[in-house]
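Student: Could you take me through one part of this predicted model in detail, namely the second largest pocket, and then place that part within the chain as a whole? I would like to know which elements supply its lining and what lies around them.

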Amino acid sequence: MAAPRGDRQPQSDGYRTLSLSGNVGFGSLPDQLVRKSVKQGFCFNILCIGETGIGKSTLVNSLFNTNFDDPLSTHFLPNVRLRAQTYELQESNVNLKLTIINTVGFGDQINKEDSYQPIVDYIDAQFEAYLQEELKIKRSLSSYHDTRIHVCLYFISPTGHSLKPLDLLTMKNLDSKVNIIPIISKADSISKTELQKFKKKIMSELVSHDVQIYQFPTDDETVSKINTIMNGHLPFAVVGSTEKVKIGNKMVRARQYPWGIVQVENENHCDFVKLHEMLICTNMEDLREQTHARHYELYRRCRLEEMGFRDVGPGNRLVRLLVFHIE
């Protein structure tokens, strides 16, 4: 039924905007989506890259305030291996299937030139598994366990000097495949002055070597201001600990040294709170979206072209390749 003449609004992009004279009900769509999402649960996959003993497991335990019981790694592996462990977490009736992928033996070999290759192969294997599920005649993407990597936490040794060649080589080979967030681990081992210089040095080297790290999105007005500020704090300098120390009348997560106490959640001591806020509370969904829309779509396009699919057919006629998402 056409709307009354007085309720018609100017056309925009070929569509008319109409004013409703009463409640219809589609305003509840966001609530419906929330209920559906909560019922299905979410998955989030974190890749941790860094040298043995740099504090990867401790930081992840601190981020999720639990103990994932990651086995100790050895320094004597002949090559880099990836170890994936999946956990079911629940908070406020929201279920999260969390997969943590740890790089075992990274940087321990004498010849480190190809240390990044097993990581690239693993990321591509997860993309390929999702693509093969997409290409099935009968698909079940709604129940499919998505193992694609949503974020890579790249742990940088707190040398205070510059990035190692292995760091630059690895990040350069991964930046088109995964969202990279660089982290200076064990940041309490260098002074604040050295730390600020080290941060600037790292960002300068990443720019000069054209390494694309993940930038917190600034196009959403609700998080634009805080994300813009946080982009200026990269790389995050963090300290991880699950041990609690009594300070005054409070028990806080901290690391205790003969010279004093470093509080994990004290922003004057490290950037742990900033990382936690940006990674889990504010931008987790954007990381998931970027993985699909940017990194996976690039992989998918290249693979389909390898398989002989083209968008342009004989005579330069457009061939529409449709992949239906049935969820």
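Tutor: The lining of the second largest pocket draws at least two residues from each of five elements, namely α2 (56-64), β4 (81-91), β5 (94-104), α7 (272-282) and α8 (284-306). Among these contributors, α7 gives the largest share, with 4 residues. The space that lies in this pocket comes to about 640 Å³, and of the 21 residues that line the pocket, those closest to its centre are Glu-91, Val-94, Leu-96, Ile-280 and Met-284. Read against the boundaries of the elements, Glu-91 falls in β4, Val-94 and Leu-96 fall in β5, Ile-280 falls in α7 and Met-284 falls in α8.

The loop between β4 and β5 holds Ser-92, a residue that has a positive phi of about 50° although it is not a glycine. Ser-92 counts as exposed because its relative accessibility, 66%, is over the cut-off of 50%. A second residue with a positive phi that is not a glycine is Asp-210, where the angle is about 55°; Asp-210 lies in the loop between α5 (192-208) and α6. With 45% relative accessibility, Asp-210 counts as partly exposed.

Following the chain on from α6 (224-231), one comes to the loop that leads to β8 (236-237), and Pro-235 lies in that loop. The peptide bond from Leu-234 to Pro-235 is cis, and its omega is near -5°.

On the surface, Leu-20, Val-24, Phe-26 and Leu-29 make a nonpolar patch of about 430 Å². Of these residues, Leu-29 is found in helix α1 (residues 29-40), and Leu-29 is partly exposed, with 45% relative accessible area.

As for the setting of these parts, the secondary structure of the chain amounts to 8 helices and 11 strands. The chain has 327 residues, of which 40% count as buried, and it exposes about 19,300 Å², with carbon and sulfur atoms supplying 51% of that area. Among the contacts in the chain with a separation of 6 or more, 66% are between residues 24 or more positions apart.

How values were computed:
Residues numbered from 1 in each chain as written. Predicted model: local features only at pLDDT ≥ 70, side-chain atom pairs only at ≥ 80, totals over all residues. Heavy atoms only, no water. Patch = residues over 30% accessible without salt bridge, like charges linked within 9 Å, V, L, I, M, F, W, Y side chains within 5 Å. Areas by Shrake-Rupley, 256 points an atom, 1.4 Å probe, with all protein chains shown as cover. Salt bridge = Lys/Arg side-chain N within 4 Å of Asp/Glu carboxyl O. Buried < 20%, exposed > 50% of the residue type's maximum accessible area, 1.4 Å probe, protein only. Contact = heavy atoms within 4.5 Å. 1 Å grid on protein atoms, 1.4 Å probe; cavity = no way out; pocket = protein on both sides within 12 Å on 5 of 7 lines; lining within 4 Å. Points joined across faces, edges and corners; volume = space filled by probe spheres on them.
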